[in-house]
Amino acid sequence: MNLNELVQSVEQWSIDKGLDQAESSKQFLKVSEEFGEVAAALARGDKEALKDAIGDEIVTLIILGQQNDLTIEECLNTAYSEIRNRKGKTINGVFVKEEDL
């Protein structure tokens, strides 16, 4: 499946489970839980667990957006619009915005 089909599948799964109408603060707890799994996979150097955790994180964010009448595409587009012309430099593997240097 391509990315659009995957997003649509996640959104339909969410509808089928009633998650699209659930309280988004509870969904954010799931986002946070998956965030912790990303950290755990990185700490263990477990690439398969990392792949799963990143995927789960994306799923939870798609649903959080859906609950708030936002698409993952519009959220990502908004974020990219903010960073695309951002200036700064990478220090120790972390990008630092020009105004924070």
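Here are a few worked exercises on the helices and loops of this predicted model.

Some ground rules before we start: residues are numbered from 1 along each chain as its sequence is written, and side-chain values use heavy atoms, with hydrogens and water left out. Since the model is predicted, local features need pLDDT of at least 70 and side-chain atom pairs count only at pLDDT 80 or more, while totals for chains, interfaces and linings use all residues.

**Exercise 1. Work out how H2 and H3 are oriented to each other.**

Step 1: Locate the pair. H2 covers residues 24-44 and H3 covers residues 47-67; helices are DSSP runs of H or I with at least four residues, strands are runs of E with at least two, and both are numbered from the N terminus.

Step 2: Get the geometry. The two axes come within 8 Å and cross at roughly 165°. Axes here are lines fitted to C-alpha atoms, for helices over the stretch in contact, and angles run from 0 to 180 degrees between N-to-C directions.

Step 3: Classify. Angles under 35 degrees count as roughly parallel, over 145 as roughly antiparallel, 65 to 115 as roughly perpendicular and the rest as oblique. H2 and H3 are therefore roughly antiparallel.

Step 4: Add the handedness. H2 passes H3 in a left-handed crossing (left-handed if the near helix is turned anticlockwise from the far one by less than a right angle, right-handed if clockwise).

**Exercise 2. Describe what fills the H2/H3 contact.**

Step 1: List residues in contact (heavy atoms within 4.5 Å). On the H2 side they include Gln27, Phe28, Val31 and Phe35, and on the H3 side Ile54, Thr60, Leu61 and Gln67 are among them.

Step 2: Sort by class. The contact has 13 nonpolar, four polar and six charged residues.

Step 3: Pick one from H2. Phe28 has a relative accessible area of 47%, so Phe28 is partly exposed (buried is under 20%, exposed over 50%, partly exposed in between, with a 1.4 Å probe and protein chains only). Its C-alpha sits 8.1 Å from that of Leu61, although Phe28 and Leu61 are 33 residues apart in sequence.

**Exercise 3. Find out whether Thr60 and Gln67 are buried or exposed, and what they touch.**

Step 1: Thr60 lies in H3, and its 6% relative accessibility makes it buried.

Step 2: Leaving aside neighbours within four places in sequence, Thr60 touches Gln27, Lys30, Val31 and Glu34. The Thr60 side chain also reaches the backbone oxygen of Glu57 at 2.8 Å.

Step 3: Gln67, also in H3, is buried at 14% relative accessible area. With the same neighbours left out, Gln67 contacts Leu19, Asp20, Ala22, Glu23, Ser24 and Gln27.

**Exercise 4. Work out how H1 packs on H3.**

Step 1: H1 (residues 3-17) and H3 have axes 10 Å apart, at an angle of about 65°. That makes H1 roughly perpendicular to H3.

Step 2: The crossing is right-handed. Val7, Val10 and Trp13 are among the H1 residues that meet H3, where the partners include Ile62 and Ile63.

**Exercise 5. Check the phi angles of Asp69 and Asn92.**

Step 1: Asp69 has phi near 55°, positive in a residue other than glycine. It is in the loop between H3 and H4 (72-83), and is exposed at 71%.

Step 2: Asn92 also has a positive phi, near 55°. Asn92 lies in the loop between strands E1 (88-91) and E2 (94-97), and counts as exposed at 81% relative accessibility.

Technical notes: Ala, Val, Leu, Ile, Met, Phe, Trp, Tyr, Cys and Pro count as nonpolar, Asp, Glu, Lys and Arg as charged, and the others, Gly among them, as polar. A polar contact is a pair of N or O atoms within 3.5 Å; within protein, one must be able to donate a hydrogen and the other to accept it, and residues adjacent in sequence count only if both atoms are side-chain atoms.
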